[in-house]
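Colleague: I have a few things to ask about this model before I go back to the bench. Can we go through it piece by piece?

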Amino acid sequence: MNRRPNELPDHENRYIDTLLTEALAPDPAADERRIEALMRKIRSESEPSVELPSANSKGARLLSRRNAARLTLAAVVMLIVGVAVSLSVGGNTAYATVMRAMRNVYPTRQYHVQMINRWPVVGDRNVAAMLYISRDGEFCLQHPGWLPGGEMWLGGDETSRWLVPRMGPVIVGDQLMVGSVLQPQGLNSPLLHMQTLLTRFSESYSLELADDERIVRTDDTASKVLCHHVVGTIIHRDDNTSAVPLPVQIDLWANFETGVAERIILRWSDDAGNYMPRRWQIDLVGYPDLSSEWFQHTAHSQPGQIVLPLSTQNEDSSKVIDTQ
């Protein structure tokens, strides 16, 4: 079978496979040995084992091109080695820690959320809420409200939202429309959805891996959990249509063994304005056994409570639904 002009022969392909295998071997303790062995292989493979043809011959030109290709390949492989080594240092990089927390599939989790929001005239208001995250990434927040008897439930997924107030209709729709209703409560941030929060964290922040730290869980003061600590400083503002600006700093404590987010602290700018969050602390409480319906508004509304759709994507968004 004839090879295409730029196709490497079989022994060259085997050479590449060997280099990549050595570069990416999953043994972090052997990094230095692999690099040294790799350099020896590159040098030995680059040296001709037969007498060189004359400088003007076709064989010499072919050998020169092959050596140049091998040097280029060596540079690429060494770059791969450098990345592989960096990923194996210090329990992964800051970015890898965030990716692990975002991509791993965990059981349903329960978080305690301590919110400090800004209000006009009265200043900062402090309230505790309970956040639930499903295996599929849905969320549900139990919020006591800012006034007596004002408890509400808020939930949804990456794009949709629902709100069940103590009094009045259940509101369903996308995050922008429902978020506009929640703005005076300081709850219209898309960061209540854990997947969205970690995605923004990985994309819009300069990440730094701080020292590992043992933190105390809010439900068990007798034990401490060893965590990787990632500090993120915002590098550019979010330019989407959300009414809530991104925090200027986010801290993540991810479980050393499982990767799950044990604690997240969000800090907003001092000049963010009224009704804006100031500081949220989200702490893992545990793994409750909840039904899938828990993440639907029907699990928290009253029989016969009116459902009011609010969505910019629904032509009949003004239609009122009675759940009775």
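Colleague: Which residues form one aromatic cluster?

Modeller: Tyr132, Trp153 and Trp294 do. Bear in mind that this is a predicted model.

Colleague: How many aromatic pairs are there?

Modeller: The count is four aromatic pairs. In one of them, the ring centres of tyrosine 132 and tryptophan 294 are 5.4 Å apart and the planes stand at 80 degrees, so that pair is edge-to-face.

Colleague: Where do tyrosine 132 and tryptophan 294 lie?

Modeller: Tyrosine 132 is in strand β2 (residues 123-133), and tryptophan 294 is in the loop between β12 and β13. The pair therefore ties together parts that are 162 residues apart in sequence.

Colleague: Is tyrosine 132 buried or exposed?

Modeller: Tyrosine 132 is buried, at 8% relative accessibility. Tryptophan 294 has a relative accessible area of 22%, so it counts as partly exposed because the limit for buried is under 20%.

Colleague: Next, phenylalanine 295. Where does it lie?

Modeller: Phenylalanine 295 is in the loop between β12 (277-286) and β13 (306-310). Its relative accessibility is 3%, so phenylalanine 295 counts as buried.

Colleague: What is phenylalanine 295 in contact with, leaving aside its neighbours within four places in sequence?

Modeller: With those neighbours left aside, its contacts are Thr108, Tyr132, Ile133, Ser134, Glu138, Phe139, Cys140 and Trp162. Tyr132 in that list is also a member of the aromatic cluster.

Colleague: And how far is phenylalanine 295 from glycine 155?

Modeller: They are 140 residues apart in sequence, but 6.6 Å apart in space, C-alpha to C-alpha.

Colleague: You listed Cys140. How many disulfides does the search find?

Modeller: The search covers the whole structure and finds zero disulfides. Cysteine 140 is buried, at 0% relative accessible area, and cysteine 227 is also buried, at 0%.

Colleague: Change of topic. How many salt bridges does the count come to?

Modeller: Six salt bridges. One of them joins arginine 217 and glutamate 262, with the closest N and O atoms 2.8 Å apart. Arginine 217 lies in strand β8 (residues 213-217) and glutamate 262 in strand β11 (residues 261-267), so this pair ties together parts that are 45 residues apart in sequence.

Colleague: Is glutamate 262 buried or exposed?

Modeller: Glutamate 262 is buried, with a relative accessible area of 2%. Its partner arginine 217 is partly exposed, at 22%.

Colleague: What does arginine 267 meet in a salt bridge?

Modeller: Its partner is aspartate 251, at 3.0 Å, N to O. Aspartate 251 is in strand β10 (residues 249-255) and arginine 267 in strand β11, 16 residues apart, so to speak of them as distant parts of the chain is fair.

Colleague: Is aspartate 251 buried or exposed?

Modeller: Aspartate 251 is buried, with a relative accessible area of 5%. Arginine 267 is partly exposed, at 29% relative accessibility.

Colleague: Which residues are linked in a network of salt bridges?

Modeller: Asp124, Asp270 and Arg278. Within that network, arginine 278 forms a salt bridge with aspartate 270, and the closest N and O atoms are 3.6 Å apart. Aspartate 270 is exposed, at 68% relative accessible area, whereas arginine 278 is partly exposed, at 25%.

Colleague: What does the charged end of arginine 263 sit over?

Modeller: The ring of tryptophan 253, at 5.9 Å from the ring centre.

Colleague: Helices now. How many of the residues of helix α4 are buried?

Modeller: Seven of the 10 residues of α4 (residues 94-103) are buried, so the helix is largely enclosed by the rest of the structure. Those buried residues are Ala94, Ala96, Thr97, Val98, Met99, Ala101 and Met102.

Colleague: Last one, for the protein overall. How many helices and strands does it have?

Modeller: Six helices and 14 strands. The protein has 324 residues, of which 40% count as buried. Its accessible surface comes to about 17,900 Å², with 52% belonging to carbon and sulfur atoms. For contacts between residues at least 6 apart in sequence, 54% join residues at least 24 apart.

Definitions and conventions: Residues are numbered from 1 along each chain as its sequence is written. This is a predicted model: local features need pLDDT of at least 70, side-chain atom pairs count only at pLDDT 80 or more; totals for chains, interfaces and linings use all residues. Side-chain values use heavy atoms; hydrogens and water are left out. Helices (H or I, at least four residues) and strands (E, at least two) are DSSP runs, numbered from the N terminus. Buried means under 20% relative accessible area, exposed over 50%, partly exposed in between (1.4 Å probe, protein chains only). Contact means heavy atoms within 4.5 Å. A disulfide is a pair of cysteine sulfur atoms within 2.5 Å. Rings of Phe, Tyr and Trp (its six-membered ring) pair if their centres lie within 6.5 Å; planes under 30 degrees apart count as stacked, over 60 as edge-to-face and the rest as tilted. A charge sits over a ring if NZ of Lys or CZ of Arg is within 6 Å of the ring centre and within 35 degrees of the ring normal. A salt bridge is a side-chain nitrogen of Lys or Arg within 4 Å of a carboxyl oxygen of Asp or Glu. Accessible areas come from the Shrake-Rupley method with a 1.4 Å probe; for residues, only the protein chains shown count as cover.
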